[in-house]
Structure formats: C-alpha cells, structure tokens
Amino acid sequence: MRSILFFSTMIFLSVSTCIAAEDMKTIQTVDLKGTWQISQVDGSIKTTGEIPGGIHSALYEAGLIEDPYFGTNEEKIQWVAEYDWKVSRKFTIDPLLPAYQDIYLEVKNPDTFCEFRVNGKLVGTSDNMFVAFKARVKKYLIPGENNIEILFHSPLKAAAKQREKYEKPFPSQQGDFNYVRKVQCHNGWDWGIKMPVSGITDEIRLVAVNGPMIEHVYASQKHDKGSCEVTVNIELLARSAGQQKLAVRLAGQDKELNCTYKYGMNKYQVSFQINNPDLWWPAGYGDQNLYELEVVNKDQIVKRSIGLRKLELVDEDDKYGTSMKFRINDVDIFCKGANWIPCDAFMNRQTDEKYEYLLKSMVEANMNIVRAWGGGYYERDIFYDTCDRIGLLVWQDMMFSCATYPGDKDFLASVEKELKYQVKRIYDHPSIVIWCGDNECVGAIGWYEESRSDRPYYEKEWSKLNDARQKALQEIYPEARYWPSSPSDGKGLGSDGWSDDTKGDMHYWEVWHGGKAFEAFYDVNPRFCSEFGYQSLPSMESVESFAPADQLDVESEVFTVHQKSKGNKYIIQMFERYFQSPKDFQSTLYLSQLQQAKAIKTASEYWRSIKPVCQGIIFWQLNDNWPVCSWSSIEYNGNWKQLHYQAKQFYAPVMSCAIPKDGKYELYCVSDLLTEADVEIKVDIYDFNGNILKEKTHNVKAAKQSSTALEAISAAKLPVDPGQCFAVLKTTASANGKTYSHENTIFFTEEKNCGLMPAKIETKVSEVNGKYQVELTTDKPAFFVVLETPGIKGIFSNNSFTLLPGEPKTVEFVPVEYRSRVKFGKVLKVMHLRETY
Ligand code: BMA
C-alpha cells in the first residue's frame, strides 16, 4: 500500500471561516474530483460528467452516444475523438488558502493533449499522459469562487500534427499514436475497440503548501548474507531556502533527518540495516512480508509498504544456450502467468474492484507473474499494491508497442521525463522484477515496408530510444536490470525472439498467427516464453451483452466488429483438426473455449516438463478491455473461460502430464515445490463406458523444483484402439505436511476420433453460507464438463473437468456479486464435449 496522507484533507467547496496563519498545515489539498461541465468545441454538445473519467464515459452516461461496446456502435462513436472538448468546474477556496506559500495544480494521468486554465488564464499544457502535470497556480486564484477548465485537444488531430513534423514516416499499426505519448491501444488493437479517449484517469487537485513538500519517496535495497540495507530516497520540493526535520520510520527503526534545503528539488538519502529480514516471496514460494515505511514532513506523511527480496535476472550460458530466469532470495522461480492489457476501454470503469478481481483470479489459478504489456498503461497504484500483497511478480514493459518510434531530441526528452516519473513512482514495489523497453518494437522494424526497406535508419532510431530508456531507468534505479525489448536476448538489436529458443524471452506465435497445429509447441524449447496465445469466442452470457438475437452467428456483422484479428472463421475452421463440428451456436462458443484451453495447455505442460530449460510461461492474454473475441482467459464480464480454469490445473504446483513422442506418451511429474515430495501418480486407462482397462500406480520422490520422467505409455500397447480409451492421471503429492492434488485426462488420438458416449449428468445443489456446492454424477465418462451460471458472477473451485461414472465430484461456487433475484439452481447450466455434436 502506498499513499500520501495529510492530517487534514479538506475539500474547500464552501467558504469557511478565517483560521490564524499559525494553524496552517504544511499541506492542504482541494480535491477537484466530481461533476464537471463538458462542452464540445466547435459543436453544440453541452453536458456534465465525472472526473476522474473521460469524455466518452460522460457522453455515454448522459445518453449522448450509444453503448460503444454494443452491436456495431464502435463505428458510431468515432467522431468524438475528432473534436476538442472543454471540461470545467467551479470551486470555492478557503480564505486562508492564499496565505500558503505556494499552490499547485496536480493532475495524475492527464490524457493527453491538455491546456489547463484557472479563471481563464493558461497555467500550463501537457502532451504526455504518463507524466503527472504540475503547475503553480497561486497567482491565478481569487478569493471566493474560481473556475478551472481543461481543454482536451483531439488526440487524433494532435497525433497527426506530430507525425507531420517528421520527414520520414514511422510506420505502426496504431495510426499516428506512436508519435505521441498516450496509451497505444486507445487507437484500437487486434483485441481492442478503437476508442481514443480523452480525460483524467486519476487524482486532480490543488495542493497548497507551506514550506517544502515531499515530492517522491523511493527505496532501494541491497542484500548481503542475511541482512538487507534499505536506502530511502526522499525528494523535497521547496520554494525557498531553509531547514526542515524529516522523520523516517522503517521496520521499527526511527531516524531523523535534519535537512537543509534550497529553492527547487532537494534530494536526501537515509539508510536502514535490517538483519534477518522477513523476506518477500512470490506466490507459491513463501509469504508476502511487507515492512511499513513512513516519511514524515510535519503533517505530510508519505507511506510505503516495502517488500525485501534479493532479485537477480540470471542469463548465463549453459548447455542449452543462455538461460533466462528470475532468482529471488537465491531461489530460481518458475514463472507462470499471463499478459495484462488495460482492464477497460472506458476510463471510469477501471475500478479498484476490477483490478483486484483480475489479479486475484491469477493467483487463484496458480499464477505468479503478470506482464504489464507495452501497449497499455504504467498501471495505477492499486495494480502494484495488489501484486505486492498477493505475490504476483510484475514484468513491466515500458509503454511502446508493435511500432517504429521516433528517436529525435524532443521525443526522447518527453520519454525521459515519463520514465523518471514512472520509475520513481513504482520501481520499489517488490513485485516488479524486470523493466523491459518495449513490446515487439525490434521485430516491428521488419513488419512494415517503409522500415524494412530502410533498416539502418529505423534501427538507429530504435537504438536512440532504447539508450534513452535505459539511461532514464538506471539514473533512478542504478541496479535495475534493463531488458531492451520483448522478445529479445536481453542485449538489443539482432536477436530473434520469435524463432530462436536458445536464449532470451520468446514470443511464439507460429500456432495462432502461423496456423501450425498445436503439436508445433513441442518443436520449441523456450528459455522463457513471454507470449503465445490462441483465440476463443466469449460465452453466451458475454455474447448477449453485445449482440442482438438476430446476430448470433460468428460471421454476423456484429461479431465481425467484435473480432479484430484473423477472423472468427479461422477459429471455426481449426475445429476440424481436433473436434467434430459443433451442432449449434452455443456449442460453437463452448468448443472455441475448449480449443483455446487445449492449445495453451499443450504448450504449458510441455514447457513445464522441460524445466530447467524453460523457466517461464506467460500466455497471451489474461483479460479483455471490452466484450470481444480474443485470446483472453477471463472475459470482459469477469467470467473465467475454460482456459483460466484449466490453467489452475496446468499451472498447479505439482502436475503430471503426458507428452506424445515417437509413438509413446512420455509421462512427467513436474514439481515447483521447494522440498522433495512424496508423489503418487495413478494412471488409469478407461474405455468410454467408464470401465477400467488398466491401472498403474507410480510412487516417486519428486526432487524439489524438478521434472521427473516416469515410464511412458506406449501407443502400441494400449489395451484397445487409441480411439476407444483414455487415461486419467491422478496425482497426490505430500511435502511439508501439505497435500497437493492434480488431475489430468489424456486422449490417445484427437478428440474427434474418440468414441465418446452420450452422458447423462445430474447435479445436486446446496447452499452453505452464501456459497454453493454442486455435486455432479454421470452415467458415462463426460469430458470438459463446464458449469455456467449466467446472471450470477462468481468462480467455481473446478471447471472444465472429467467426470467419471461412480466418481461423483463436488465443486464449490463462490459468488462475486450476489443477486438474490437470480436463483443459482435455476440458472446453473452444465455442458460437456459429447453434447456439442
Ligand atoms: C502480441 C502482442 C499484442 C497482440 C498479440 C496478439 O505479440 O504483443 O500486440 O495483441 O500479439 O496478436
């Protein structure tokens, strides 16, 4: 948790009585959040809207535009970003306020091309949404009522104007947004709505100060033989010279700093020695211990929660090439996670609850890393605070993606400001383990005709940008290990992270974009795969939120708008590789999610089985920013897709799997545990009536952090034809008094060639303390049994599983939003593979 607190945070919206000057605080704030007037420049629209928030959200709330997420409305809202918009509000200041030494207007995340006016006077402009805006406004304020106005220039026009400054083009897939410092996917992406918003996504306030104020606090840590030295950096902004005492507290130690300050920014450092600290660990490896850090400047208190962990990025030559892995507190971490994109295209829907829900859903699915991908935001504090608290490591991209970028002085100066601000703001979160310069910008040089044909120029521009990024990062955070681009070998140009699996991080897209069969995942042995993915369609509940009843066809106009990559037809065509044709629309949706889960499971199990060659898997992508057909494992509405439920299994700490190779199914038991485990793996081969044909139990001592090969199943020695049987691997591991279980189903030929039997599944629902339990039984083996509860949001303890006759399963459902009007038992829907054809 990090916050800047004030003993009294006042909202001066009415005149209050005069207070004696000696009663003045160091800092007083005037919160300017709330309802603002909005007007279209060169147009007639006038309305009101909430800030934080954006123009689009306001217009939608006021009924002036239709829901952009619905039907084909995306197109209908494109005019909004062509206009300039003014937002303004009145506020009344306390008569005491002018007595303060200085008054600042502070705006976090000003998005993007803003002119700020106080009482009609221009107080400043901003054109980089990744830098907080700050201007001195005291001289513009008047006693009583004041007016503040922000003019947002059309982001499309501002970006186009910026483009015109350059002689040579910088090609991209995001229109002109690569010329400006704004969230790159605001202009549309291959999963994203084109909604180039303008607005304020975070704090907006006046800050009146008396004396110097703390501007930044950031802490670095050095670990040595069981003790840790934490150096706290404090930046104090002053408008005069003087002396000030600062109190700094960490881990029960108090230190006092006698600071002599001068006009401008003043920097101080204070160090703490913490012996035998309670270390911070990623999820699955230990506790997320956090120490409270407090810096007190009279009544201004800045708080941080600091996690102490020794961090190394190990890229050393080994017999497979060059490793890429994170070592935390001297332990090699096997990273398992997903890529994060902005959590909503509407600014006002990027709520704290949404952040927490999505991030916690990751840990619940046994993930320990999230990649904040370079086409989005340096995320809000809630993102990093939550990751610190729940043990999710963060791969932090800098916000550049899939494009060529300018490398001129002005552009680099803006980038430098942005990075210095962002690095100070977030780098000491223990969850952040890597700073990566961009997403796919080295590769992008080869994607566009203009850059392909003039490579040296674009490489030089990239290198200039890259040097500037590294320099800005390491000026603030000298120990930072900078990773130039994802994918890369960590060194810069010249590495090919798309097909070279011997070093660096890899983006493996041969299966989705390259159209190869899922078995192609077995051909690569990435050291760290930071992207690979497979698309699916959303569930019926999601579909109904954006498609009218006459559009329930994946090639309808509405579906085409809600598909930004290769097309839904491609998803459907691919069914024929593994599955029978789905009988109806609902089955099509279901099957697409199963197909996606199968793809990612195939890769993840294999790459886990080859550890320590591979030490990281981050699939593309966790979430959606609107309801869409995409690679996500969690739908826009929060529903976990089959992929997310299956990830909970294939990312389980102890997992068994079968990898087909040369007529055999090689069995592996993979353990991420830090101690040896006693593992029992039951391998039962059944026919599709549910009769056991063959049983075998393997008892192994799985070494810590290992992948153990077990006796393989030979396809030739199966008791019946491969299409007439399947295996269930039931794994039970015990270590340190804890039990871990995992279940996996293995088919010996494509699902479409298996003799699945129609199955009759029965459910019994009971409610205990607001949670539901569903007991399921079946008369024949049923596969990929999926439970859905349209209208009730929540998470099942298990889903997309195999159900065997005589082996009932009970799953728990924890509602996220409880609506008593919807009866759980009535909406509960059960589907499984055999029913889809
Ligand atoms: C990647 C990402 C995104 C994109 C995804 C799917 O490489 O970096 O740019 O959305 O592929 O195409």
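**Briefing: ligand site, nonpolar cores and two individual residues**

The side chains of serine 800 and glutamine 642 are joined by a polar contact of 2.6 Å. The model is predicted. It holds a ligand with 96% of its own accessible area covered by the protein, and a largest nonpolar core of 177 residues. The points below take serine 800, the ligand, the cores and lysine 738 in turn.

**Serine 800**

- Serine 800 sits in the loop that runs between strand E45 (793-796) and strand E46 (801-803).
- The relative accessible area of serine 800 is 9%, and because the limit for buried is under 20%, serine 800 counts as buried.
- Beyond its neighbours within four places in sequence, serine 800 is in contact with Gln642, Gln646, Phe784, Val785 and Val786.
- Gln642, one of these contacts, is the residue whose side chain makes the 2.6 Å polar contact with that of serine 800.

**Ligand site**

- The residues surrounding the ligand are Trp189, Asp190, Trp191, Trp373, Cys402, Asn439, Glu440, Trp509, His513, Glu531, Trp620 and Trp631.
- Sorted by class, this shell consists of seven nonpolar, two polar and three charged residues.
- In the side chain of aspartate 190, an N or O atom is 2.5 Å from an oxygen atom of the ligand.
- For tryptophan 191, a polar side-chain atom is 2.8 Å from a ligand oxygen atom.
- For glutamate 531, the distance from a polar side-chain atom to an oxygen atom of the ligand is 2.4 Å.
- On its own the ligand has 310 Å² of accessible area, and the protein covers 96% of this.

**Nonpolar cores**

- In soluble globular proteins, nonpolar side chains tend to be buried together.
- Within the largest nonpolar core, of 177 residues, the members that touch the most others are Phe326, Phe383, Trp395, Tyr508, Phe532 and Trp607.
- Helix H13 (residues 585-609) supplies the largest share of this core, with eleven residues.
- Phenylalanine 383, outside its neighbours within four places in sequence, is in contact with Trp340, Tyr355, Leu359, Val370, Ala372 and Val394.
- There is also a second, separate core of 49 residues, and Val87, Ile103, Val107 and Cys114 are among them.

**Lysine 738**

- Lysine 738 belongs to strand E41, which spans residues 738-747.
- With a relative accessible area of 52%, lysine 738 is classed as exposed, because exposed means over 50%.
- Lysine 738 and alanine 677 are 61 residues apart along the chain, and their C-alpha atoms are separated by 9.6 Å.

Note on methods. Residues numbered from 1 in each chain as written. Predicted model: local features only at pLDDT ≥ 70, side-chain atom pairs only at ≥ 80, totals over all residues. Heavy atoms only, no water. Near = heavy atom within 4 Å. Polar contact = N/O pair within 3.5 Å; in protein donor to acceptor, adjacent residues only side chain to side chain. Areas by Shrake-Rupley, 256 points an atom, 1.4 Å probe, with all protein chains shown as cover. Nonpolar A, V, L, I, M, F, W, Y, C, P; charged D, E, K, R; others polar. Helix = DSSP H or I, 4+ residues; strand = E, 2+ residues; numbered from the N terminus. Buried < 20%, exposed > 50% of the residue type's maximum accessible area, 1.4 Å probe, protein only. Contact = heavy atoms within 4.5 Å. Core = buried A, V, L, I, M, F, W, Y, C linked by side-chain atoms within 4.5 Å.
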